[in-house]
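Student: I am new to this structure and would like a close look at a single part of it. Could you take me through one helix and its surroundings, slowly and with the reasoning spelled out?

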Amino acid sequence: MSDRHRWQQLRDEWRSNPRLRYGAMVIVAILGMQGVFMLSDQVRERMTTYASDMEMLARLEGVRKETWWPERASKAAELLEAVTGRIPEVTGKGMAQAESQAWLTRLAAEQRVGESRVKVEDTVDVDGYPDMWQVISRLEGNLPSHGHEAFMRALAEALPWIQVERIEVGEGETPRVVATFRSYYRKGVPDGDVQPHQASNRQDAASNNSDAADQAR
């Protein structure tokens, strides 16, 4: 059967069968309504996005006209410098590890942590901060009776150069505590590169760091 003959049969069926025509018109109407609804949803979504963008633009225009931004930026820079200044400075990776171990040993002694164990990992660079090092360390031991509050306060006071990565405190009269820390240190100038007028200050700092290393051992 040729295509032309098939087309002729289909046309004759279309003309002689009203139900076929009504069914086709209903399908076309449904598809048309579906298309209208989809377009309506897209228009509504774009109108919502446009209104949100215009609101954000108005806010940015208002902020741009404010005059206190330079003052606020200056205060933020001063605060950042003050916080960074509190981070200890070390002259080598080994010294960073020694400082971290000394601090944890001193913390365990001050908080009367029983059967304490300190473990210090390698010193590594800090992503995005080429002038800093970080040391991962761990402290285990038994807290004294009712020693939770003092221990937590000591950890909070160590910020920002000491951050608690994870802490687990058990139950009981003298609960077991396991804490993992991330310690940050500023990279100092090696002793061989120190200028003559800075020698005395560096000598004092080295003496203090040597004491801390002895305590760690």
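Tutor: One cut-off is needed from the start: a residue is called buried when its relative accessible area is under 20%, exposed when that area is over 50%, and partly exposed in between. The model is a predicted one, and the protein has 6 helices and 5 strands, which run from the N terminus in the order α-α-α-β-α-β-β-α-β-β-α. Of its 217 residues, 23% count as buried.

The part to look at is helix α5, which spans residues 148–157 and whose buried residues are F151, A154 and L155. These three cover an arc of only 100 degrees around the axis, and therefore they lie on the same side of α5. The spacing fits a general rule: an α-helix has 3.6 residues a turn, so residues three or four places apart point the same way. On the face of α5 turned away from this buried side sit the exposed residues E149 and E157.

As for what lies against the helix, the buried residues of α5 pack against α4, β3 (129–142), β4 (162–169) and β5. Two of these partners, α4 and β5, are also joined by an aromatic pair, since W103 belongs to helix α4 (residues 93–110) and F181 to strand β5 (residues 176–187), so that the pair links parts of the chain 78 residues apart. A search of the whole structure finds 3 aromatic pairs. In the pair of W103 and F181 the ring centres are 5.9 Å apart and the planes stand at 80 degrees, and because planes over 60 degrees apart count as edge-to-face, that is the name for this pair. W103 counts as buried because its relative accessibility is 11%, and F181, with a relative accessible area of 0%, is buried too. Ring pairs link W103 and F181 with W161 and Y185 into a cluster.

Another partner, β4, leads back to the surface, where M152, V164, I167 and V169 make a nonpolar patch of about 260 Å². Strand β4 gives the most to this patch, with 3 residues. I167 is found in β4, and its relative accessible area of 31% makes I167 partly exposed.

For the setting as a whole, the accessible surface of the protein comes to about 15900 Å², of which 54% belongs to carbon and sulfur atoms. Among contacts between residues at least 6 apart in sequence, 64% join residues at least 24 apart.

Key: Residues are numbered from 1 along each chain as its sequence is written. This is a predicted model: local features need pLDDT of at least 70, side-chain atom pairs count only at pLDDT 80 or more; totals for chains, interfaces and linings use all residues. Side-chain values use heavy atoms; hydrogens and water are left out. Rings of Phe, Tyr and Trp (its six-membered ring) pair if their centres lie within 6.5 Å; planes under 30 degrees apart count as stacked, over 60 as edge-to-face and the rest as tilted. Helices (H or I, at least four residues) and strands (E, at least two) are DSSP runs, numbered from the N terminus. Buried means under 20% relative accessible area, exposed over 50%, partly exposed in between (1.4 Å probe, protein chains only). The arc is that of the directions from the helix axis to the C-beta atoms. Contact means heavy atoms within 4.5 Å. Patches are made of residues with over 30% relative accessible area and no salt bridge: like charges are joined within 9 Å, nonpolar side chains (Val, Leu, Ile, Met, Phe, Trp, Tyr) within 5 Å. Accessible areas come from the Shrake-Rupley method with a 1.4 Å probe; for residues, only the protein chains shown count as cover. A salt bridge is a side-chain nitrogen of Lys or Arg within 4 Å of a carboxyl oxygen of Asp or Glu.
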